[in-house]
Amino acid sequence: MSMCRICGGSVKEFLDFGRQPVSDAFLAPGDVDGEFLFRLAVGFCTTCTMVQQLEEVPRERMFPQDYPYRSSGSTAMRSHFEQAARHFLGTQLTGPDPFAVEIGSNDGIMLRTIQEAGVRHLGVDPAQSAAEGAAAQGIRVRTEFFEASSAAAIRASDGPADLIYSANTISHIAYADSVFAGAATLLAPDGIFVFEDRYLGDIVEHTYFDQIYDEHFYLYAVRSVQAMVARFGFELVDVEHLPVHGGSLRYTTARAGERQPTPAVAEWLAREETQGLADISSYEKFAAATRAVCADLVELLTSLRAEGKRVVGYGATAKSATVANYCGLGPELIPYVCDSTLEKQGRLTPGSHIPVRPPAAFSDPYPDYAVLFAWTHAEEIIAKEQAFRDAGGKWIVYVPDVHLL
Ligand code: SAH
Ligand code: TMP
Ligand code: ZN
């Protein structure tokens, strides 16, 4: 048993993916020696119900200056964040000279809409090369980790924030106490702190086991988030389900007692009760389903190789690190993986050392099968690569089970 990073309670381990690399640490060919590995294992806090990892990767390893992930590579995500920004511009950012802060602003995918509207804003992100992309569009960015000290500095220089927003970042931060202390310092009395992250309920229901990787230190659910924010003086006042990234929830929090919670909060808590998200047996079932999927995937890829079929990967996602390294997939089963991110091309996938090639390599010539590691972008990619299926190609998808499309 280890100790809960949020409440100090006991964390019961339910799934161990073994030694894993940092999921976005793509390697230069010839630079594979001495790769950093850690034990990727997840457990459930028997006190506050927070699902979390048992080993913490140092933040500078996960989010170095040349962190390669770029949010804007997906058309669907660009429109998602534009909608989010428009929503806040029409609701929370309507007072005189409103101020919005984004934690984990990456390449500016969300703040560009706020900036274009002429609203005072600030992005905070330690990933320098991504932040430079945002700054080049006129977005104000601080290249550092958001935590208690940086939040206090922002409060001193820019004043209180009406909105603190963060997508796919707060669950990456093991040191939640410092982040929420910072948010408490920075937020205006009637401000809101809104964050959205992958939803544990979707992960468990659909065996989305590859949503578990180093960056996703916590796997949030409504009950665990409500308890977490309450410890830090916040109250969960709204919950909204989002279809992005395989299912996410947007949590709206305010200073305790400032806002009346919407009925959605109680509805989601009841739904989680029915789903069994506070029962360890649900996680044991999830772990068994994960093992079965991996065995099926390895069997399929091995038999395709025996038949002489060509199989490549599509989407060098962070998620694919978990699948490839847990299932032991390497270049002998998947000779390369195509990805549109310039920063990943020409490099090797972490741990599994599969070369990453540009999407143009996909049709040169088309393989017989392609493992869709970027399954959360399935609609966008399958439409874009329609010629692959027209040529007789088949997509291999491994969640919620192994199947062909
Ligand atoms: N919000 C974007 C990016 C998500 S990737 C999106 O949803 O697509 C996570 C980002 O959080 C990375 O750019 C990483 O550098 C940043 N990050 C990690 N820890 C952080 C912290 N403590 N403060 C601010 N940003 C952080
Ligand atoms: P994500 O699931 O973490 O957002 O990562 C998606 C990865 O898939 C990212 O490396 C970019 C890649 N990708 C493509 O190669 N082509 C595409 O059309 C899309 C949407 C993503
Ligand atoms: Zn706990």
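Guide: A residue is called buried when its relative accessible area is under 20%, and exposed when the value is over 50%. The structure shown here is a predicted model.

Visitor: Then what about C4 and C45, buried or exposed?

Guide: C4 and C45 are both buried. Each of them also binds a metal through its SG atom, since both coordinate the zinc ion (ligand 3).

Visitor: Which residues coordinate the zinc ion (ligand 3)?

Guide: The SG atoms of C4, C7, C45 and C48 do so, at 2.3 to 2.4 Å.

Visitor: And what is the geometry of that site?

Guide: The site is tetrahedral, with angles of 102 to 113° among the four donor atoms.

Visitor: How are the donors spaced along the chain?

Guide: Their spacing is C-x2-C-x37-C-x2-C. Distant parts of the chain are thereby linked: C4 lies in the loop between β1 (2-3) and β2 (10-21), while C45 belongs to strand β3 (residues 37-45), and the two are 41 residues apart.

Visitor: Changing topic: how many cavities of 30 Å³ or more are there?

Guide: A search of the whole structure finds one. The largest cavity holds about 60 Å³ of space.

Visitor: Which residues line the largest cavity?

Guide: The lining consists of G315, A316, S320, A321, A324, V337, T349, S352, I354 and F373. Six of the lining residues are nonpolar and four are polar, with no charged residue.

Visitor: Which helix gives the most to that lining?

Guide: Helix α11 (residues 318-327) does, contributing three residues.

Technical notes:
Residues numbered from 1 in each chain as written. Chains lettered and ligands numbered in written order. Predicted model: local features only at pLDDT ≥ 70, side-chain atom pairs only at ≥ 80, totals over all residues. Heavy atoms only, no water. 1 Å grid on protein atoms, 1.4 Å probe; cavity = no way out; pocket = protein on both sides within 12 Å on 5 of 7 lines; lining within 4 Å. Points joined across faces, edges and corners; volume = space filled by probe spheres on them. Helix = DSSP H or I, 4+ residues; strand = E, 2+ residues; numbered from the N terminus. Nonpolar A, V, L, I, M, F, W, Y, C, P; charged D, E, K, R; others polar. Donors = N, O, S within 2.8 Å, 3.2 Å for Na, K, Ca; no water. Tetrahedral: all angles 85-135°; square planar, octahedral: opposite > 155°, others 65-115°. Buried < 20%, exposed > 50% of the residue type's maximum accessible area, 1.4 Å probe, protein only.
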